[in-house]
Amino acid sequence: MTSTPEDGPEDGAAAFRFQVQSEFHEIPLGIGLDDETFTERMRAYARDYWGDREDWEPLRRMFTAVHAANAQQLAADGVVYQALGIFPIGGTADGTQAPERVSRCTLLISVRELDIPDPALAAAGIVETLARTNDGGEAQLVTLPAGPAVVNVAGSRAVWALPDGEQERFFVRIELWLPFPQENRLLLFCLSTSDAQDLFHYQAVLADIADTVTFAGGEDGSGEGAESSTAIASSTQERTAFA
């Protein structure tokens, strides 16, 4: 879970750290929180997202209820971090030219059990498995400061039946599978977007995040090189999570 002043790690939990760009807005998951605290954090997120207009209160309530139910399911599935990314596309860094448009994505980080303690062997096995199960996806081995990993890029198509005909939308998903060092677990970063034209942009976004991952107490490359890979944006958010 995301570490906050009032939240601490569970006994025996293994910590890892990562940085995300300032364009990411964390969505509460409620892990380790009582119902009242979780509800208040979700309400605060809804206010940040929609603003404080009084006539939009019913919309904020619906938004809070939907995201709270979704967060509970994600947490039950092993998700430890969830965020919405809102990235301006085009324009200039100094603001003299406004962005051409805004692109959105979702970032999920989860922890999964994996009965292979050797990271290199685990990564090789993941590539082979994805090669057999991917439907048009592409997986490849990479080496990060935190150790061997796998990048997988895949797409999907969604179709809705509407009164005036079918509507379709394409999604792209970029995954990073990163085994824990000396543990039978792995981190899965999943960045997805319906703005498929921004695939290359989001590949760079996730690559920058991946270079900042470190494991607490890790050796043999699990934390080495982190100091030189933290400058991923003009403003970043550092997170410590416990799995």
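The questions and answers below walk through a predicted model of one protein chain.

Visitor: How many helices and strands are there in the protein chain?
Guide: Read along the sequence, the predicted chain follows the pattern β-β-α-α-β-β-α-β-β-β-β-α-β-β, where each α stands for a helix and each β for a strand. Counted by kind, the protein chain has four helices and 10 strands.

Visitor: What share of the residues of the protein chain count as buried?
Guide: A residue counts as buried when its relative accessible area is under 20%. Of the 243 residues of the protein chain, the share that counts as buried is 39%.

Visitor: In what order do the strands of the open sheet of seven strands stand?
Guide: The pairing in this sheet is antiparallel, and the twist from one strand to the next averages 25°. Named across the open sheet, the order of the seven strands is E2-E3-E4-E8-E7-E6-E5.

Visitor: Which strands stand at the edges of the sheet, and why is one side of each left without a neighbour?
Guide: Strands of a sheet pair through backbone hydrogen bonds, either parallel or antiparallel. Each edge strand here has a single partner strand, so one side of it is left without a neighbour in the sheet. The strands at the edges are E2 (24-26) and E5 (138-144).

Visitor: How many bridges join strand E6 and strand E7?
Guide: Strand E6 covers residues 147-162 and strand E7 covers residues 165-179, and Ala-161 stands opposite Glu-166 in E7. The two strands pair in the antiparallel sense, and the number of bridges is 13.

Visitor: Is Glu-166 buried or exposed?
Guide: Glu-166 lies in strand E7 and, not counting residues up to four places away in sequence, touches Val-159 and Trp-160. A residue counts as exposed when its relative accessible area is over 50%. Because the relative accessible area of Glu-166 is 67%, this residue is exposed.

Visitor: Which residue of the hairpin of E7 and E8 takes a positive phi?
Guide: E7 and E8 pair in the antiparallel sense over eight bridges, and the bridge partner of Leu-176 in E8 is Phe-189. The hairpin of these strands has five residues between them. The residue that takes a positive phi, near 60°, is Gln-182.

Visitor: How many of the nine residues of E8 are buried?
Guide: Eight bridges join E4 to E8, which run antiparallel, and among the facing residues Leu-108 stands opposite Cys-190 in E8, while Arg-112 stands opposite Leu-186 in E8. Strand E8 is largely enclosed by the rest of the structure. Of its nine residues, the number buried is eight.

Visitor: What is the relative accessible area of Thr-106?
Guide: Thr-106 has its place in strand E4 and, leaving aside its neighbours within four places in sequence, is in contact with Ala-83, Leu-84, Cys-190, Leu-191 and Ser-192. Thr-106 and Phe-24 are 82 residues apart in sequence, yet they are 8.7 Å apart in space, C-alpha to C-alpha. Thr-106 is partly exposed, and its relative accessible area is 30%.

Visitor: At what angle does helix H2 run to strand E3?
Guide: E3 and E4 pair in the antiparallel sense over 10 bridges, and the bridge partner of Val-79 in E4 is Ser-110. Helix H2 (residues 57-76) lies across strand E3 (79-89) and strand E4 (101-113). The angle of the helix to E3 is about 125°.

Visitor: Which strands does helix H3 touch?
Guide: Helix H3, made of residues 119-133, packs on the sheet, and its direction makes about 30° with that of E6. The strands that H3 touches are E5, E6, E7 and E8.

Visitor: Where is Leu-199 found?
Guide: Leaving aside its neighbours within four places in sequence, Leu-199 is in contact with Val-153, Val-172 and Ile-174. Leu-199 and Arg-173 are 26 residues apart in sequence and 8.6 Å apart in space, C-alpha to C-alpha. Leu-199 is found in helix H4.

Visitor: What is the volume of the second largest pocket?
Guide: This pocket is lined by 11 residues, of which Pro-88, Gly-90, Gly-91, Thr-92 and Ala-93 lie nearest its centre. By class, the lining has four nonpolar, six polar and one charged residues. The volume of the second largest pocket is about 220 Å³.

Note on methods: Residues are numbered from 1 along each chain as its sequence is written. This is a predicted model: local features need pLDDT of at least 70, side-chain atom pairs count only at pLDDT 80 or more; totals for chains, interfaces and linings use all residues. Side-chain values use heavy atoms; hydrogens and water are left out. On a 1 Å grid over the protein atoms alone, a cavity is a set of points where a 1.4 Å probe fits but cannot get out, and a pocket is an open set with protein on both sides within 12 Å along at least five of seven lines; lining residues have an atom within 4 Å of a point. Grid points are joined across faces, edges and corners, and a volume is the space filled by probe spheres set on the points. Ala, Val, Leu, Ile, Met, Phe, Trp, Tyr, Cys and Pro count as nonpolar, Asp, Glu, Lys and Arg as charged, and the others, Gly among them, as polar. Two strands pair if DSSP finds at least two bridges between them. Axes are lines fitted to C-alpha atoms, for helices over the stretch in contact, and angles run from 0 to 180 degrees between N-to-C directions. Contact means heavy atoms within 4.5 Å. Buried means under 20% relative accessible area, exposed over 50%, partly exposed in between (1.4 Å probe, protein chains only).
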